[in-house]
Amino acid sequence: MNKIVFITIGEAPRRDIEDSFLAFFNDNSNVSQVGILDGLTVEEAFQQFQPEKQEEVLVSTFCNGQGIQMSKEKVQQRLQQKIISLEEQGVDVIVILCTAEFEKLVTKNAVLIEPEQVLLPYIHEKFFNQSLGVILPLSNQIESAREKWRAKGMNPVFEAASPYNFSKKQFMEVGQLLQSEGIEVIVLDCMGYSRSMREFLMTVTNIPVYQSNELLFEYVQTMFEE
């Protein structure tokens, strides 16, 4: 049976999406999570991953729910270190639990799954003829995300609402903006969005909403669980 490990760019296990994770993998002891912030204090993490000016920023969370903004380049370096360690432990499948696009991650033997390589083609195929809205945590992530989605043949409408500082007011406003644009499907493009957030948005907008984390879990379960 495949040994599968998800690497979060936050601290593991991800309590904020626990309900989604357990819905897919609760009965499989060969599936686990590790995080690049494991073993670090909040102060140490902020010091090690603080983004410099003009650097692309990623966001994640600690187990206590506190959010953190991090340098993508520094995150990528730590992810590669984790990958090397996991391969030494005999892990068969390594899944990056982040929707950012990483250019430098490699494995020697294990299967490496990066969500953007899996999810964007799947979303393109599934919603090809529908008007798509995408919600990201931060507004300063929209431009790089727009380029990434356009490269896959899609031109969605983007809005920002953070899952790490959840506000019903903000989510309602963003949902209504997408609704006014005639959006037919909404994708929550960050691993931190939970089922409760998805359900709230669907109630507010009456538009189908999909979590990127559950789309990824479904793919992994289908392809690699035995």
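Colleague: Why are α6 and α7 called oblique to each other?

Modeller: Happy to walk you through it, bearing in mind that this is a predicted model. Helix α6, residues 168-180, packs against helix α7, residues 195-205, at an angle of about 50°. Roughly parallel would need an angle under 35 degrees, and roughly perpendicular starts at 65, so the two helices are oblique. Their axes lie 9 Å apart, and the crossing is right-handed.

Colleague: Which residues in α6 and α7 meet?

Modeller: From α6 come Lys168, Phe171, Met172, Gly175, Gln176 and Gln179. On the α7 side, their counterparts are Met197, Phe200, Leu201, Val204 and Thr205. The contact of α6 with α7 divides into six nonpolar residues, four polar and one charged.

Colleague: Let's turn to the strands. What makes β7 and β9 a pair?

Modeller: Pairing takes at least two bridges, and strand β7, residues 132-136, shares four with β9 in the parallel sense. As an example, Leu132 stands opposite Val185 in β9.

Colleague: How do you know that β9 and β10 pair?

Modeller: By that cut-off of at least two bridges, they qualify: three bridges join β9 to strand β10, residues 209-211, and the strands run parallel. Here Leu188 has Gln211 in β10 as its bridge partner.

Colleague: And which way do the residues of β9 point, and are they buried or exposed?

Modeller: Strand β9 covers residues 185-188, with Val185 and Val187 pointing one way and Ile186 and Leu188 the other way. Buried means under 20% relative accessible area, and all four of these, Val185, Ile186, Val187 and Leu188, are buried.

Notes: Residues numbered from 1 in each chain as written. Predicted model: local features only at pLDDT ≥ 70, side-chain atom pairs only at ≥ 80, totals over all residues. Heavy atoms only, no water. Axes fitted to C-alpha atoms, helices over the stretch in contact; angles between N-to-C directions. Parallel < 35°, antiparallel > 145°, perpendicular 65-115°, else oblique. Left-handed = near helix turned anticlockwise from the far one by under 90°. Contact = heavy atoms within 4.5 Å. Nonpolar A, V, L, I, M, F, W, Y, C, P; charged D, E, K, R; others polar. Buried < 20%, exposed > 50% of the residue type's maximum accessible area, 1.4 Å probe, protein only.
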